[in-house]
Amino acid sequence: MTLHVCGIDTGLMSQIEPNPCRLRLVAENRTELCPRERCAFWEPGGAVVEGNCVVERLGVDKADRELASYLLETRERLERARNLAEAEEAHREFSRRLGRDV
């Protein structure tokens, strides 16, 4: 009796292919992988819909260089504000734990 073990190729299953950020490509002619959840324009998915870029989902004309530049600048401002708010909150929490109100 010969036992044959067959390997199962799962290479294509549940892989998330990294996509380039279309805004960066059009605005600056540079390639940047989509930052997905780290992007201010990312909409998390749910039980029915996968996560996606809100710019992609709304069908915004990403071929317009001025619009792409504006949206990219807006994204970067939102991300800086989010990072600043998180840093300030962490500082407040650290100060509170030390017993100092800063």
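**Exercise 1. The lining of the largest pocket**

Work out how the residues lining the largest pocket divide by class, and which of them lie nearest its centre.

*Solution.* Start with the classes: in this predicted model, the lining of the largest pocket has 12 nonpolar, three polar and seven charged residues. Next, take the whole set, which comes to 22 residues. Asn19, Cys34, Arg36, Trp42 and Asn52 are the ones nearest the centre of the pocket. Now ask which elements give two or more residues to the lining: helix 1, strand 2 (52–53) and helix 2 (54–58) do. Finally, the space in this pocket is about 370 Å³.

**Exercise 2. The chain as a whole**

Describe the order of the secondary structure elements, and say what share of the residues is buried.

*Solution.* Count the elements to begin with: the protein chain has three helices and two strands. Then read them from the N terminus, which gives the order α-β-β-α-α.

For burial, the chain holds 102 residues, and 19% of them are buried. For contacts, keep those with a separation of 6 or more; residues 24 or more positions apart account for 45% of these.

**Exercise 3. The largest nonpolar core**

Find the members of the largest nonpolar core, and the elements that supply two or more of them.

*Solution.* The core has 12 residues: Cys21, Leu23, Val26, Ala27, Cys39, Phe41, Trp42, Cys53, Val55, Ala68, Leu71 and Leu72. Two elements give two or more residues to this core, namely helix 1 (22–28) and helix 3 (65–98).

To see one member in its surroundings, pick Ala27. Setting aside residues up to four places away in sequence, Ala27 touches Arg65, Ala68, Ser69 and Leu72. Ala68 and Leu72 are also members of the core.

A second look can start from Val60, found in the loop between helix 2 and helix 3. Val60 has a relative accessible area of 23%, so this residue counts as partly exposed. Beyond residues up to four places away in sequence, Val60 touches Val55, Leu67 and Leu71. Of these contacts, Val55 and Leu71 belong to the core.

**Exercise 4. Cysteines and disulfides**

How many disulfides does the structure hold, and why do the sulfurs of Cys21 and Cys34 form no bond with their closest cysteine sulfur?

*Solution.* Recall what is being looked for: a disulfide is a covalent bond between the sulfur atoms of two cysteines. The cut-off needed here is a pair of cysteine sulfur atoms within 2.5 Å. The count of disulfides in this structure is zero.

Take Cys21 as the starting case. The closest cysteine sulfur is that of Cys39, 6.4 Å away, so the pair is too far apart for a bond. Cys21 is buried, with a relative accessible area of 9%.

Turn now to Cys34. Again the closest cysteine sulfur belongs to Cys39, here at 6.2 Å, so this pair is too far apart for a bond as well. Cys34 is partly exposed, at 24% relative accessible area.

**Exercise 5. Around Cys39 and Glu79**

Locate Cys39 and Glu79, decide whether each is buried or exposed, and list their contacts beyond neighbours within four places in sequence.

*Solution.* Cys39 is found in the loop between helix 1 and strand 1. With a relative accessible area of 7%, Cys39 is buried. Its contacts, leaving out the sequence neighbours, are Arg75, Glu79 and Arg82. As a further check on its placing, the C-alpha atoms of Cys39 and Cys53 are separated by 8.3 Å, while the two residues are 14 residues apart along the chain.

Glu79 has its place in helix 3. A relative accessible area of 14% is under the 20% limit, so Glu79 is buried. With its sequence neighbours left out, Glu79 is in contact with Arg38, Cys39 and Ala40.

**Exercise 6. Positive phi**

Give the phi values of Asn29 and Arg36, then find where each residue lies and how exposed it is.

*Solution.* Asn29 has phi near 55°, a positive value in a residue other than glycine. For Arg36, also a residue other than glycine, phi is positive and near 50°.

Asn29 lies in the loop between helix 1 and strand 1 (42–43). The loop between helix 1 and strand 1 also holds Arg36.

Exposure comes last: Asn29 counts as exposed, at 63% relative accessibility, and Arg36 counts as partly exposed, at 25%. Arg36 has appeared before, among the residues nearest the centre of the largest pocket.

Methods: Residues numbered from 1 in each chain as written. Predicted model: local features only at pLDDT ≥ 70, side-chain atom pairs only at ≥ 80, totals over all residues. Heavy atoms only, no water. Core = buried A, V, L, I, M, F, W, Y, C linked by side-chain atoms within 4.5 Å. Buried < 20%, exposed > 50% of the residue type's maximum accessible area, 1.4 Å probe, protein only. Helix = DSSP H or I, 4+ residues; strand = E, 2+ residues; numbered from the N terminus. Contact = heavy atoms within 4.5 Å. 1 Å grid on protein atoms, 1.4 Å probe; cavity = no way out; pocket = protein on both sides within 12 Å on 5 of 7 lines; lining within 4 Å. Points joined across faces, edges and corners; volume = space filled by probe spheres on them. Nonpolar A, V, L, I, M, F, W, Y, C, P; charged D, E, K, R; others polar.
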